[in-house]
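Work through the exercises below with the sequence and the model open. Try each task before you read its solution.

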Amino acid sequence: MISFIAQSIRMSAAFLFGSTGEIITEKAGHLNLGIPGVMCMGAIGGAIGARLYVSSLADLSQISAFPAFVIPLLFCLIFASLMGILYSFLTVSLRANQNITGLAISTFGAGFATFVNNIIPKDGFKEIGYVYFKLFPSTEKLGGFGELFLSYGAMVYLAIIIAIAAALVLKKTRTGLHLRAVGESPATADATGINITGYRYTATIVGSAIAGMGGLFYFFDMNGGSWPYSDAISALGWLSIAIVIFSIWRPDLCILSSIIFGLLYRLQYFMASATLSQKTLIGMLPYVITIAVLIVTSIVGSKKAQPPASLGLNYFREER
Amino acid sequence: MTKNSSREPLFHITKRGATVWWKPLFIRAIAIVAGLFIGLCFAAAYTKVNPFKLLGYMFSGAFGTQKRIWNLLQDTALLLMVSIAIVPAFKMKFWNIGADGQTLVGCLASAVAIYYLYDKLPTWALLLVMLLFSLTAGMIWGVIPAIFKAKWNTNETLFTLMMNYVAIQLVSFVLLKWFPSGQNDFAKFFSRYGNMPKLGNPYVLILIFAVVLTVTMHFYLSKTKHGFEVSLVGESVNTSKYVGVNVKKVIIRTMILSGAICGFVGFALVAAKDHAITTTMVGGRGFTAIIVAWLAKFNPAYMALASLMVAFLSRGTSQILSQTGITNSALPNIVTALVFFFIIGCEFFITYSIKFRKKNKDATPANEPPAPETSEPAKEPSSPSSEEETPSLAEAPAEERTPAEEALPTEITEGGEEK
């Protein structure tokens, strides 16, 4: 049971990255439906980084922990940010429809990831997977406590740190205030001299970079360096977008809701006695629960649980 | 001195007035060509073959033989039908991202009919039952999000999306129930049962379906009261309420229609094309259809063209792969997505025009043709980085129509007369 919970918490990092990134983007008023594609790009960016690192070595025994962790992460950030730049160029500068652009990004990201995965050699990915899998050595001695809190890879802790930092920045700092103003009422923010374009670009790119790490995490940590199909990563991305609504646009609540979704997602692996067909029904649960959550939040609909007022709307100064 | 120091930005962005009819088409054509070129360069870098040669492969893959042309037309027809299915929903601004799932349950319903009734009914009756099942299944899948949207304004984008995954899991569940070993040998039923009649060749029927559907939908949306109500709800919910349209009813009714057509596509896929049932048989058409419908501004004729373009891209790139002997199934997706990016981007240049700063400004300081000068000093302190984004207020024609209005120029007036 403890190992099941630990696995779920580990899994939740993928959702947490995705939803934190999406919250930052949405707070600036941009609904990025491209998160699934961004996560695929993050994962495949990591793979490219890993490949470059491994091919620079004489043989696999030379893999050392620090570069094996940092180089894929760096490439993941670059590739995911590129998608963010593309998205914000199309939606902020060219004022394209956000949903359509997001869908195109999703198509492109998944396609590109599959494409690269088909041609990239994966020597040493397993070893890099080990590096990602565990941060603290020999936590088994600490029993249940060790397994629940210390048994994860660095990315899991990173996800939680980023979520908390994002919550603090959004709530406590001037930057966060400006960002929220841009998402709530860009015209007002513009009148007070806030650089709308700058904030929207930055928020989307930073959000994409964070979300991309979710793909990288799922690829190297959760899946141990074997490619988990673009469709699987895309599904995580879509669920992350749903988690944003579940967490009423608050990164701190995201930590909790991501763990809940992690539990749901891992449930079918936990029920070892279930038949294959029953497992498919259990696999339906995260999606059904998401639907239930959407319905409940829309019925309850308190004033605090609302999306940013100008979410999904592009801002054009002349159209005030 | 102060007058000269208030710099005019490098360029203004202004809305275009009414332009000549060919200009938007021309801009789109340029975008498609540019996107295709980038896609081809990408493919060329990968296959190490001259891009123009690859273009030749693409044309041969799409139009090379009679069979290839039929395949192309079939792809076009299927994509077009899904696009037609989602058009009423999108005109209503109901973001139905669940066309994939609605089509898939349509497929599943047909398969269920075959599995349980194949030896009990004659072919024509079986086909009828299949059709009925598929329409109903698609309808149910479409109407569930609509009911919640109508009643509680539940976010339909994510709702319909999640329904896709529920549909996928449902299909794998049913398949595992039928074939516990995991061996999907559903095709055996089709050796004798549940096949649509072939009119001449196996492709014609789907084409006929597509044409009939497209024409009917065009008529429904532009000439009937229902169609008018759909556009009205899409334009403004409050206006609709004011003139006495029952918005909830329109949302639910339209999604029943949209889902049922998706279900019909599922029926066509099972009975007339694939003769099988898998979780991936819809193949993301629901997503591509959204982009197709949006880019064609919901105009059926343009939608047919856009579907043809997507089918051409995907068939053509597949041909590149088979001709160069490289197996990488994802190349068509990449090329298609690249072209999409360009078309999405080019919409900006259709709606707006960019006016660059006049170069001879320093030579004639007294000459002040660009009107925004007057509003400039007021803005200067507030936005230091004004080069990027200060547009001219004066140059935009005040009585400009919004793009949304342009998308449906006739419906409102025609329907209005009807009322």
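Of the contacts in chain B with a separation of 6 or more, 79% join residues 24 or more positions apart; two residues are in contact if their C-beta atoms, placed from the backbone, lie within 7 Å. This is a predicted model, in which local features need pLDDT of at least 70, side-chain atom pairs count only at pLDDT 80 or more, and totals for chains, interfaces and linings use all residues. Residues are numbered from 1 along each chain as its sequence is written, while chains are lettered from A and ligands numbered from 1 in the order in which they are written.

**Exercise 1. Describe the make-up of chain B and its nonpolar core.**

Start with secondary structure. Chain B has 19 helices and two strands. Helices (H or I, at least four residues) and strands (E, at least two) are DSSP runs, numbered from the N terminus.

Next, burial. A residue is buried if 20 or more other C-beta atoms lie within 10 Å of its own, exposed if 12 or fewer, and partly exposed in between. Of the 419 residues of chain B, 45% are buried.

Then the core. A nonpolar core is a set of buried Ala, Val, Leu, Ile, Met, Phe, Trp, Tyr and Cys residues joined through C-beta atoms within 7 Å. The largest one has 218 residues, and B:M81 and B:A293 have the most contacts inside it. Leaving out residues up to four places away in sequence, B:M81 touches B:F209, B:A210, B:L213 and B:V265.

**Exercise 2. Characterise the side of chain B that touches chain A.**

Count first. The interface brings 41 residues of chain B into contact with 42 residues of chain A.

Assign them to elements. In chain B, α6 (123-152), α7 (156-178), α13 (285-295), α15 (331-351) and α17 (386-389) each supply at least two residues. The largest share, 11 residues, comes from α7(B).

Sort by class. Ala, Val, Leu, Ile, Met, Phe, Trp, Tyr, Cys and Pro count as nonpolar, Asp, Glu, Lys and Arg as charged, and the others, Gly among them, as polar. This side of chain B has 26 nonpolar, 11 polar and four charged residues.

Finish with the scores for the complex. The predictor gives an ipTM of 0.88 and a pTM of 0.84.

**Exercise 3. Decide which parts of chain B to read with care.**

Take the average. pLDDT is the predictor's confidence in each residue, from 0 to 100. Its mean over chain B is 79, and 79% of the residues reach 70 or more.

Compare elements. Among those of chain B, α6(B) has the highest mean pLDDT (92), and helix α19 (residues 411-418) has the lowest (36).

Locate the weak stretches. Residues 1-5 of chain B have pLDDT below 50, and this stretch has one contact beyond near neighbours in sequence. Over residues 363-419 of chain B pLDDT stays under 50, and the model has 60 contacts there beyond four places in sequence. Where pLDDT is low, the predicted coordinates should not be read in detail.

**Exercise 4. Examine α1 and α10 of chain A for length, bend and cover.**

Check the spans. The expected span of a helix is 1.5 Å times one less than its number of residues. Helix α1 (residues 2-27) of chain A has 26 residues and should span 38 Å; its end C-alpha atoms are 36 Å apart, which agrees. Helix α10 (residues 196-222) of chain A has 27 residues and reaches 38 Å from first C-alpha to last, close to the expected 39 Å.

Look for bends. The bend at a residue is the angle between axes fitted to the seven residues ending there and the seven starting there. α1(A) bends by about 25° at A:A14. α10(A) bends by about 25° at A:L216.

Assess cover. In α1(A), 20 of 26 residues are buried. In α10(A), 23 of 27 are buried.

Step past the ends. A:G29 follows α1(A) with a positive phi near 90°. Just after α10(A), A:G224 has a positive phi of about 60°.

**Exercise 5. Place two non-glycine residues with positive phi.**

Take A:I248. Its phi is about 35°. It sits in the loop between α11 (230-246) and α12 (251-270) of chain A. With 16 C-beta neighbours inside 10 Å, A:I248 is partly exposed.

Take B:K48. Its phi is near 60°. It sits in the loop between α2 (22-47) and α3 (51-63) of chain B. B:K48 is exposed because 8 other C-beta atoms lie within 10 Å.
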